[in-house]
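Student: I'd like a close look at one chain of this model, please. Could you walk me through how it is put together, from its overall form down to its cores and contacts?

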Amino acid sequence: MKERIRILLEDQLPLVDFDSDALYQELDSLGVTTILMTLSDEYHIELDSRDATPKNLRSLDSLVALVERKLADKE
Amino acid sequence: MKWIECVSQVVERFPDDLAVICHGETMTYAQLWKAAEKEAFRLREEEHVQEGQYYFQTCTQDIAFVVRFLALHLLGAQSDILYTTGSTGKPKAVLLSDKGIVANAENLIEAHGYHYGLVFVVCGPLDHFGPWSKMLPVFMTGATLHILDGLKDMEELFAALRPAHSATFLVPSAIRMLLQLNSERLVSLAESIEFIETGAAPMASSDMERLREILPHTRLYNTYASTETGIVCTYPFHLPSTAGVGGESPEPIQQGCVGTMMKHAKVSIGAEGNICVSGPMLMAGYLNEDDEGKWELEPVGELFESADLGHFDCKGRLILIGRSNDIINVGGLKLSPIEVEDAAAGFPGIEDCICIPEPHPMMGQVPKLLVTLHEGSTLNKREIARYLKEKLIETWKVPMRYEVVEEIRKMPNGKKNRRSYLTSCEGQL
């Protein structure tokens, strides 16, 4: 899942370094929205601005954890 | 009366009321005035700023910027200068006279209903005309300005809009972000948001419709304005009779439909279909710097012919249909493709390139770069994106899409044939 998310997001946001542990700092409003919408579409999960916390968007690993949590909530 | 004199009267009437909020910091009108007087003194004594001099300041998204803005007017500023996107790739300095500032403020107050007690939330950069112009009516009416630093944290926006009698200006892409991800949260603000103004880019009629459904008590305006023309006219799309284009089109509109002409504005259509504007809210002119660093005003005259194309419908409303130049509208921010091409030309391996608009579900348009490469060269999307970020500084100017092509289409005179690439984006502002 991690590599799939990386490929998807790097294609959408070529300027962002998804290896960073300070990912949230790198993003602007379009970046945050793009991540939420891309993950929402890909994994059929509901994400909104309450999910766009610095903690959830800290790194690629934290994004994976967010998706896993949302998928688990669905079940 | 000068704009700062109008503000001074407000300070006398409402000294203890909130003038500005930003990142948890607040200032009443009396505190703001005192801070501006102190800053004016500092500017005069330490930076030797005086009447008749051009003073350039970097925009910061905070109360300090508002204080400096007021301070410069207290020092006798006759006009303000804002930089706007030039079609040649070089930003142009636009001079706005005090008369124009007052006219623009009055246009907004009358058309949108700014009043004492209103909390106006401004999210966009204060050095852009849209957000900047909202300071003018706010401080003339005793309203409160709540400054946010962009929309990265939407929760901050929701909190700012929670007080009763709140209002905001959002570009269509920001409204789409709200509708896509946060429409349920928006419903909870239906009683508190008095009005939302949009503009600077085309807005889909489906988004207008959804916004009207979610916020049935909110006044919604789509405004035609620019740094050069000032605030010209506005389209009240909260009124059912004005749904879509005259209530007739269920399709997404790629033109803003703008109805009510502002008090201080007159519009005519030129021979080529360009929208021509006159009135006191117009800019005084462009401020040009010559080779010796001397500034000279290129006056606009009585009538300004914009690059926007339009016509009047049978009800006398102004309909925007496109632009006559090559500017790319990135979610309300205007980008000259030449600026991107000039920056990209220095990237190793690139032989030629052209920057074109590409439709984007959120931003309306984003820049895309088509390149031809020298033999044996390859293009790494991330490397060129980072190279361009260094050159262009602002992220929104950096193309999101890149494509290697066989050739860049040219016209017989050798110029890039931009129009030939516009089929999928044609008509977009």
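Tutor: Happy to! Let's take chain B, keeping in mind that this is a predicted model. A compact globule of 429 residues would have a radius of gyration near 22 Å, and chain B has 22 Å, so the two agree. Its C-alpha trace spans about 70 × 55 × 45 Å along the principal axes. Within chain B, the secondary structure amounts to 10 helices and 23 strands. Of its 429 residues, 44% count as buried. If you look at contacts in chain B between residues at least 6 apart in sequence, 68% of them join residues at least 24 apart.

Next, the domains. The domain assignment splits chain B into domain 1, covering 78-323, and domain 2, covering 328-421. Taken over C-alpha atoms, the centres of domain 1 and domain 2 of chain B are 28 Å apart. Where they touch, 14 residues of domain 1 of chain B are in contact with 12 residues of domain 2 of chain B. On the domain 1 side of that contact, helix H7 (residues 172-187) of chain B gives the most, with four residues. That side of domain 1 is made up of six nonpolar, seven polar and one charged residue.

Now for the interior. The largest nonpolar core has 110 residues, and those with the most contacts inside it are Leu32(B), Phe120(B), Leu145(B) and Val232(B). Helix H5 (residues 129-141) of chain B gives the most to this core, with seven residues. Leu32(B) is a good place to zoom in: setting aside neighbours within four places in sequence, Leu32(B) is in contact with Ala19(B), Val20(B), Met27(B), Val67(B) and Leu70(B). There is also a second, separate core of 14 residues, which includes Cys355(B), Leu369(B), Val371(B) and Leu388(B).

Finally, let's turn to the partner chain. The contact between the chains takes 20 residues from chain B and 14 residues from chain A. On the chain B side, helix H6 (154-160), H7 and helix H10 (381-392) each supply at least two residues. Helix H7 of chain B is thus worth finding on your screen: H7 gives the most to the domain 1 side that touches domain 2, and H7 also supplies at least two residues of the side that touches chain A. By residue type, the side of chain B that touches chain A divides into nine nonpolar, four polar and seven charged.

Note on methods. Residues numbered from 1 in each chain as written. Chains lettered and ligands numbered in written order. Predicted model: local features only at pLDDT ≥ 70, side-chain atom pairs only at ≥ 80, totals over all residues. Domains from an automatic or database assignment. Contact = placed C-beta atoms within 7 Å. Nonpolar A, V, L, I, M, F, W, Y, C, P; charged D, E, K, R; others polar. Core = buried A, V, L, I, M, F, W, Y, C linked by C-beta atoms within 7 Å. Buried ≥ 20, exposed ≤ 12 C-beta atoms within 10 Å, placed from the backbone. Rg over C-alpha atoms; globule rule 2.2 N^0.38 Å.
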